[in-house]
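Here is a friendly walk through one protein model, meant to be read with the structure open beside you. Rotate the view as you go and pick out each part when it comes up.

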Amino acid sequence: MQETTKALFVPAYRGAPVEEITITDWTQYNELVEGTFDIVRSYVRSIDFQLEEISVYVNDEGLLFNLPHNPRASWWTDRRNLVGNAVITGGADSEGNTLDVPEGLVDLINNENQQWLDRRAAQVEGLRNGS
């Protein structure tokens, strides 16, 4: 069993930077998403164009509590309405253990100084608003 998991913390507020973090205990997910978490599974293409499985942890009741839309987290999934803070990790291994966030995804965000992600987030906002 893996003791720590490398992840990305994606705040709902677009002015706050995406941060690399280390998860040491599953309760951190609840703290970071400010409530009970749910997991959205997805696949992304990393900077080297490899298809990577990811897990996006979000507040399970975020829509009920009217948490703010998180277009940066929404960009990485096929769902365009993720709300509240999000935590992105890798998928799961054959035993169900959470894997580290793919390095290619971390590189993509770091190499583009997050401007790329902010442009994509604006696109998601447009799709969500019907523009």
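Two strands count as paired if DSSP finds at least two bridges between them. Please keep in mind that this is a predicted model.

**The sheet**

With that definition in hand, look at strand 1 (residues 5-10) and strand 5 (residues 86-90): three bridges join them, and they run antiparallel. Within this pair, Phe9 stands opposite Val87 of strand 5.

Zooming out, the two strands belong to an open sheet of five strands, arranged in the order 2-1-5-4-3 with antiparallel pairing. Which strands form the edges of the sheet? They are strand 2 (19-23) and strand 3 (37-45), each of which pairs on one side only. On average, neighbouring strands of this sheet are turned by 35° against each other, with direction ignored.

**Two residues to compare**

Thr5 is found in strand 1, whereas Gln50 lies in the loop between strand 3 and strand 4. Is Thr5 buried or exposed? Thr5 has a relative accessible area of 7%, and because the cut-off for buried is under 20%, Thr5 is classed as buried. Gln50 has a relative accessible area of 45%, so it counts as partly exposed.

| Residue | Relative accessible area | Class |
|---|---|---|
| Thr5 | 7% | buried |
| Gln50 | 45% | partly exposed |

The surroundings of these residues are worth a look too. Not counting residues up to four places away in sequence, Thr5 touches Ile21, Thr22, Ile23, Tyr29, Thr89, Thr98, Leu99 and Asp100. For Gln50, leaving aside its neighbours within four places in sequence, the contacts are Val44 and Arg45. If you would like a distance to check on screen, the C-alpha atoms of Gln50 and Leu105 are separated by 9.7 Å, although these residues are 55 residues apart along the chain.

**A pocket to explore**

Next, turn to the second largest pocket, which has a volume of about 170 Å³. Which residues line the second largest pocket? Its lining is made up of Asp38, Val40, Val58, Asn59, Asp60, Glu61, Gly62, Leu63, Arg79, Asn81, Leu82 and Val83. Strand 3 and strand 4 (51-59) each supply at least two residues of this lining. By character, the lining residues divide into five nonpolar, three polar and four charged.

The pocket also leads back to the sheet, since strand 3, a contributor to the lining, is one of the edge strands.

Terms used: Residues are numbered from 1 along each chain as its sequence is written. This is a predicted model: local features need pLDDT of at least 70, side-chain atom pairs count only at pLDDT 80 or more; totals for chains, interfaces and linings use all residues. Side-chain values use heavy atoms; hydrogens and water are left out. Helices (H or I, at least four residues) and strands (E, at least two) are DSSP runs, numbered from the N terminus. Axes are lines fitted to C-alpha atoms, for helices over the stretch in contact, and angles run from 0 to 180 degrees between N-to-C directions. Buried means under 20% relative accessible area, exposed over 50%, partly exposed in between (1.4 Å probe, protein chains only). Contact means heavy atoms within 4.5 Å. On a 1 Å grid over the protein atoms alone, a cavity is a set of points where a 1.4 Å probe fits but cannot get out, and a pocket is an open set with protein on both sides within 12 Å along at least five of seven lines; lining residues have an atom within 4 Å of a point. Grid points are joined across faces, edges and corners, and a volume is the space filled by probe spheres set on the points. Ala, Val, Leu, Ile, Met, Phe, Trp, Tyr, Cys and Pro count as nonpolar, Asp, Glu, Lys and Arg as charged, and the others, Gly among them, as polar.
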